[in-house]
Each structure stands twice: as structure tokens, then as C-alpha cells.
Amino acid sequence: MKNCLIIGGNGFIGKNLAAYLAGKGFLVTVVDHDIYGQNPLTPGVRYHVGSASDTVKLLELAADADSVVWLVHSTVPATSMIDIESDLSTNITPLIRLVNALSQSRVSKKFLYLSSGGTIYGDVKPGVKIEEHFPKNPISSYGLTKLIAEEYLNFLNRGSLLQMAIFRPSNVYGPHQNFSKPQGILGYAFRAMLENRPLPVYGNGSIVRDYVYVGDIARAIELFLLAPSTGPAPLTVNIGSGIGHSIREVLDEIKNVSGRALEIDWLPARHYDCEYNVLSFARAEQALGWRPTVDLRAGLGLLWKWIRTAQA
């Protein structure tokens with residue numbers, strides 16, 4: 001039985017990943033600072049309350065694990081700009097401490113870091129699917145911090161027995177999204193709908209994004225965890241749909257699946273929002289045999305079904 005430790009495993013992506021891996025026969029251990037904030041807890045998953053900065057505890061929990069997945073990040077693109085220094089210290093130092101300790105232990109494990117394909121590349125020419133070798137030009141502290149983390153992981157991987165992977169997802173959505181602390185247009189749109197108030201939208205709605213369903217992310221992670229070997233260097237791949245949708249198109253799709261139209265409060269554009277971001281998943285398909293299976297309309301339908309069930 002595969003044994004996986006998920007750090008930050010009771011948040012949006014973590015909760016979906018824990019349930020998915022447990023359903024696939026993995027022995028799953030979750031460590032999170034709040035294991036009760038996202039109820040109900042997943043049956044068959046072991047939970048521990050702990051901080052990402054408690055390296056000693058994380059190493060104890062990782063001792064019996066075949067793989068470690070790091071999902072912790074304390075900010076989103078907008079909040080990262082409020083306190084750049086804190087964004088750096090809270091999101092880089094704990095990660096480096098753990099990976100450095102795991103590397104020096106000379107134990108073979110898999111380690112996966114969830115980076116960001118939606119923020120590290122910056123603006124690119126519309127119509128171009130972003131590949132992993134494209135220049136990196138983050139325009140928010142969040143994206144810059146993710147990129148710095150990647151560079152440290154590449155550095156620490158030298159001579160290590162760890163098999164590392166860096167996944168760069170596009171805009172992730174799906175069940176268990178936290179609407180009290182939403183991230184991205186989908187989270188804010190459904191929160192506005194649930195609270196029956198206008199949705200603030202920055203710009204004119206032409207911003208184009210790539211949206212990937214959280215179940216497809218979980219399956220990509222599983223493929224890496226089960227892969228015999230991905231080589232000595234970190235496997236760095238985009239995880240996205242390869243299809244761009246403007247904000248206006250997304251709002252139309254939300255109306256289609258929910259039957260509700262949103263009132264929009266149009267606001268001036270923000271300087272840290274990329275105009276266009278669509279990822280190529282060709283490398284992930286080649287290395288892992290992964291490709292997305294849930295398109296935006298189907299995924300929004302699944303999300304809306306979960307929302308109605310959760311609100312019942």
C-alpha cells in the first residue's frame with residue numbers, strides 16, 4: 001500500500017486529493033493547521049493538526065511515507081501584494097527546511113510541490129499555449145514566491161535521493177472550494193451568487209484564463225506517485241486544460257449551469273492581473289500519460305451540484 005503525506009491537505013485541493021488517493025487504496029496522512037475548518041473529514045484518512053513550519057513534526061510524519069505532497073501557501077495573488085516580506089518568509093522558509101532535511105536524510109521518497117502555472121509566466125501573446133520553457137515573468141508576489149520555491153527545489157535536488165516533481169496548475173476549481181476565502185473568478189462568482197450580491201469584476205471581462213478541474217489535478221498527482229521513475233531532475237509540468245475562456249464566457253457558463261444571472265460591478269483593471277494565460281499540457285501527457293478529462297461546462301456542473309448539496 002502506498003503511503004502519502006499531504007501537507008496542507010485539508011484545504012480545497014488537499015481535501016479532494018486526500019479523498020481521491022484514499023479511494024485508490026493509498027494510506028493517506030494529512031497535516032494541516034485546521035483539520036476542522038473543512039468538514040466533514042474524509043473517512044480512512046489520518047489527520048494531524050500541525051504547522052508547515054514545524055519541521056520536526058513533519059519529518060516524523062514523513063518517516064513512514066513513500067511520498068510527500070506540499071500544498072501549503074498562505075496567500076493568493078491579491079493578498080500576496082499586501083505584505084511581500086511575509087509572503088516570502090511564510091511560504092519559502094518552511095518548504096526549504098523540510099526539503100533540505102529530507103534530502104540530507106538520504107532516504108528515497110517522492111516529493112511533489114504544487115506551484116502555479118497561472119502566475120509565474122506573466123503575460124504572453126494571446127493565442128499561444130504556454131510551455132514550461134517559456135520565460136518566467138511573474139507580476140505578483142504570489143507568482144514570484146512560487147518561482148523562487150521552484151528554484152530552491154531544483155537546487156536542493158542535486159545529489160538528493162528524492163524524486164521531485166513541480167506541478168504548475170492553471171486556475172483550479174471544483175468541490176470544497178472555500179467561498180469564505182475565495183480565489184479566482186469562479187470562487188468569487190459563486191460566493192456572490194450565494195450571498196445574492198453583485199460580483200466585482202476588474203477590467204472589461206476580456207481576461208482569458210485556463211481552468212482545470214480539481215479531480216484532474218488529483219489524477220495527475222496520482223500518476224506521478226505511481227510512476228516508476230521520472231528521472232534525476234525534478235519533473236516540471238504544466239497541468240491545465242489547454243483551452244482559454246474569457247471572464248465573460250465563464251460568467252455565461254455559470255449562468256448556464258446554475259440558471260442564475262449575476263449582477264456585475266465593473267471595476268478598473270488591476271496591474272497584477274495577466275491578460276492571457278493558457279497552458280500547454282503536452283509535457284505532462286508525454287511524461288505521465290495525463291490529459292484533462294473534465295471540460296469547463298461539465299466541471300462547473302459538478303461544482304454547482306456540490307454547492308447545492310452542501311447548502312441543503
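This briefing covers the packing of two helices and the nonpolar cores of the structure. The model is predicted. Helices H1 and H7 cross at roughly 55 degrees, and H7 is also the element that gives the most residues to the largest nonpolar core.

**Packing of H1 and H7**

- Helix H1 spans residues 12-23 and helix H7 spans residues 214-226; their axes come within 9 Å.
- Angles from 65 to 115 degrees count as roughly perpendicular and those under 35 degrees as roughly parallel, and H1 and H7 are therefore oblique to each other.
- The crossing of these two helices, H1 and H7, is right-handed.
- On the H1 side the contact is made by Phe12, Ile13, Asn16, Leu17, Tyr20 and Leu21, which meet Val214, Ile217, Ala218, Arg219, Ile221, Glu222 and Leu225 in H7.
- By class, ten nonpolar, one polar and two charged residues make up the contact of H1 with H7.

**The largest nonpolar core**

- This core has 35 residues, of which Ile6, Phe167 and Ile239 touch the most other members.
- Two or more residues come from each of the strands S1 (3-7), S2 (27-32), S5 (110-114), S6 (163-169) and S10 (235-239), and likewise from H1, H7 and helix H9 (282-288).
- The contribution of H7 to this core is seven residues.

**Surroundings of Phe167**

- Beyond its neighbours within four places in sequence, Phe167 is in contact with Leu112, Tyr113, Leu114, Ser115 and Ser116, among others.
- Further contacts of Phe167 include Ala220, Ile221, Phe224, Val237, Ile239 and Leu288.

**Another core**

- Apart from the largest core lies another, of 24 residues, including Ile185, Ala189, Met193 and Leu262.

Conventions: Residues numbered from 1 in each chain as written. Predicted model: local features only at pLDDT ≥ 70, side-chain atom pairs only at ≥ 80, totals over all residues. Heavy atoms only, no water. Axes fitted to C-alpha atoms, helices over the stretch in contact; angles between N-to-C directions. Helix = DSSP H or I, 4+ residues; strand = E, 2+ residues; numbered from the N terminus. Parallel < 35°, antiparallel > 145°, perpendicular 65-115°, else oblique. Left-handed = near helix turned anticlockwise from the far one by under 90°. Contact = heavy atoms within 4.5 Å. Nonpolar A, V, L, I, M, F, W, Y, C, P; charged D, E, K, R; others polar. Core = buried A, V, L, I, M, F, W, Y, C linked by side-chain atoms within 4.5 Å. Buried < 20%, exposed > 50% of the residue type's maximum accessible area, 1.4 Å probe, protein only.
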